[in-house]
Amino acid sequence: MSDIPFEKPWLTVIGLGEDGLDGLSPASRQVLDAAEVIMAPPRHLSLVPEGHQERIEWPVPYADGFAQLLDLRGRQVAVLASGDPFWFGAGSVIARNLAPGEWTARPGPSTFALAAASLAWPLEKTLTMGLHAAPLTRLRPHMAPGLRAIVLLRDGDAVLALADWLTAIGFGESKLNVMEALGGPRQRLRSSKSCDLEFDDIQHPVCVGLDVAGDGLTLPKASGKPDTIFETDGQITKRPVRALTLSALAPQRGEHLWDIGGGTGSIGIEWLMCHPSLTATTIEPRADRAERIRRNADALGQDRLEVVHGIAPAVLDGLDLPDVVFIGGGLSDELMGWLKDNLDAGTRLVANAVTLESEATLAQWHEQLGGDLLRIELAQSAPLGPRRGWKSAYPVVQWSVTL
């Protein structure tokens with residue numbers, strides 16, 4: 001980012017639709033006419049007639065274009081982006097590389113707005129997602145009958161993949177409204193059930209209006225998701241204890257979690273499900289379990305979970321420091337000493353203990369650092385001869401403290 005003061009911006013990011021110049025406001029047209037350079041992906045350049053400006057194609061991958069853009073500093077440059085560049089668009093990525101005084105933006109109608117208008121869907125009640133470069137499983141936590149979502153996709157193959165995925169998870173009855181080149185002369189809208197979709201000529205740019213139906217599993221919004229949604233070898237914090245643990249972790253916007261002794265990854269995954277601003281790193285000493293955590297996170301739409309294979313505290317050096325730590329396995333005096341010496345004051349810590357040895361360790365550190373101890377004893381009904389009785393689970397001792 002430059003520290004050079006600018007009297008006026010040298011760069012303008014202009015939102016361009018499929019209708020090209022006809023869809024631009026007079027103010028945006030004036031900026032484009034005054035530009036010395038137009039830089040944009042090939043499709044956007046094709047929507048603007050040749051003029052006096054130098055034209056530069058934005059390369060693929062997108063990140064490779066920033067060095068070229070910065071070399072143009074000091075000239076009047078227009079960068080063309082789709083619709084509203086700051087709604088799942090390139091605007092925020094471009095702005096991160098520049099000082100505030102260097103750039104300005106003139107957004108156009110977003111694809112979401114055009115799609116909602118085409119479908120007569122109230123946009124404020126519709127889920128909007130950009131999945132150009134993100135996995136379709138990002139939709140998984142939201143899937144429920146009655147959900148309406150507008151999803152931006154990379155191309156026609158991605159639309160077909162979405163239909164297959166919806167069918168595989170039990171939502172094949174969902175209606176897909178496939179919308180191509182919205183707002184321009186090539187605009188086309190076709191609809192089909194996911195399980196019946198057979199379009200083989202879907203053109204880019206494309207988005208889908210998804211009207212969810214079917215009997216697939218709907219994930220509850222409360223903490224303590226069903227154990228059955230996780231692939232596990234038995235090393236999992238069970239649903240009731242997980243709900244109590246998430247309550248003790250008390251996630252707040254923008255916080256980062258260390259989940260030490262990840263097991264199945266259920267704590268880190270549910271942490272991420274609480275809010276899209278949350279981040280998490282899971283540390284797991286067994287390679288097979290680390291791979292399983294990765295599979296669980298990906299399948300449940302939490303692909304941003306960082307999975308670290310190794311033993312704490314040895315692998316903790318160099319990781320982004322957490323706001324909150326959960327210890328579900330591997331509790332020891334060595335680990336607690338490292339955390340006490342290396343984490344920032346105010347870091348919250350929650351540890352669950354099942355064995356007598358780990359309980360003793362918790363008791364010693366509770367005496368030293370304070371905090372709250374909670375003993376969790378649960379029992380479930382089970383057959384007892386011809387009748388039923390209570391079968392107790394191992395009690396869990398939970399320690400919560402702010403360092």
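Two strands are said to pair if DSSP finds at least two bridges between them. In the predicted model described here, this rule bears on Leu 373, which stands opposite Trp 399 in strand 19. Strand 19 (residues 396-402) is joined to strand 16 by five bridges, and the two strands run antiparallel. In general terms, the strands of a sheet pair through backbone hydrogen bonds, and the pairing may be either parallel or antiparallel.

Strands 16 and 19 belong to an open sheet of seven strands, which follow one another in the order 13-12-11-14-15-19-16 with mixed pairing. Strand 13 (306-309) and strand 16 (372-376) each have a single partner strand and therefore stand at the edges, so that one side of each is left without a neighbour in the sheet. When direction is ignored, neighbouring strands of this sheet are turned against each other by 15° on average. Helix 9 (residues 287-299) packs on the sheet, where it touches strand 12 (279-284) and strand 13, and the direction of the helix makes about 175° with that of strand 13.

The nonpolar interior was examined next. The largest nonpolar core has 26 residues, and Leu 139, Leu 153, Leu 162, Leu 176, Val 178 and Leu 210 are those with the most contacts inside it. Two or more residues are given to this core by each of strand 7 (148-153), helix 6 (156-168), strand 8 (175-180) and strand 10 (206-211), and helix 6 gives the most, with six residues. The surroundings of Leu 210 can be described in detail: when its neighbours within four places in sequence are left aside, Leu 210 is in contact with residues including Trp 121, Leu 139, Met 143, Leu 147, Leu 166 and Leu 176, and the list of contacts also includes Arg 148, Ser 174 and Lys 175. Apart from the largest core lies another core, of 23 residues, among them Ile 327, Leu 331, Leu 349 and Val 397.

Leu 331, one of the residues of that other core, is also a contact of Thr 361, which touches Leu 331, Ser 332 and Asp 333 when neighbours within four places in sequence are left aside. Thr 361 has its place in helix 11 (residues 356-369), and because its relative accessibility is 13%, below the 20% limit, Thr 361 counts as buried.

Aromatic rings were then considered, and a search of the whole structure finds seven aromatic pairs. In one of them, the rings of Trp 58 and Phe 66 have their centres 5.6 Å apart and their planes at 85°, and because this angle is over 60 degrees the pair is edge-to-face. Both Trp 58 and Phe 66 are buried, and ring pairs link these two residues with Tyr 62 into a cluster. The rings of Phe 86 and Trp 103, by contrast, have their centres 5.8 Å apart and their planes at 25°, and because this angle is under 30 degrees the pair is stacked. This stacked pair links distant parts of the chain, since Phe 86 lies in the loop between strand 4 (77-82) and helix 4 (91-96) while Trp 103 lies in strand 5 (residues 103-106), 17 residues apart. Phe 86 is partly exposed, with a relative accessible area of 39%, and Trp 103, at 23% relative accessibility, likewise counts as partly exposed. A ring also meets a charge in this model: the charged end of Arg 190 sits over the ring of Phe 199, at 4.3 Å from its centre.

Some features of the backbone remain to be described. A cis peptide bond, with omega about 0°, joins Val 60 and Pro 61, and Pro 61 lies in the loop between strand 3 (54-57) and helix 3 (65-70). Another cis peptide bond, with omega about 10°, joins Ala 312 and Pro 313, and Pro 313 is found in the loop between strand 13 and strand 14 (324-327). Ala 181, although not a glycine, has a positive phi of about 50°; Ala 181 is found in the loop between strand 8 and strand 9 (188-193) and, at 1% relative accessibility, counts as buried. Ala 250 also has a positive phi, near 50°, in a residue other than glycine. The location of Ala 250 is the loop between helix 7 (239-249) and strand 11 (256-260), and at 32% relative accessibility Ala 250 counts as partly exposed.

Key. Residues numbered from 1 in each chain as written. Predicted model: local features only at pLDDT ≥ 70, side-chain atom pairs only at ≥ 80, totals over all residues. Heavy atoms only, no water. Phe/Tyr/Trp six-rings, centres within 6.5 Å; stacked < 30°, edge-to-face > 60°. Buried < 20%, exposed > 50% of the residue type's maximum accessible area, 1.4 Å probe, protein only. Helix = DSSP H or I, 4+ residues; strand = E, 2+ residues; numbered from the N terminus. Lys NZ or Arg CZ within 6 Å of the ring centre and 35° of its normal. Axes fitted to C-alpha atoms, helices over the stretch in contact; angles between N-to-C directions. Contact = heavy atoms within 4.5 Å. Core = buried A, V, L, I, M, F, W, Y, C linked by side-chain atoms within 4.5 Å.
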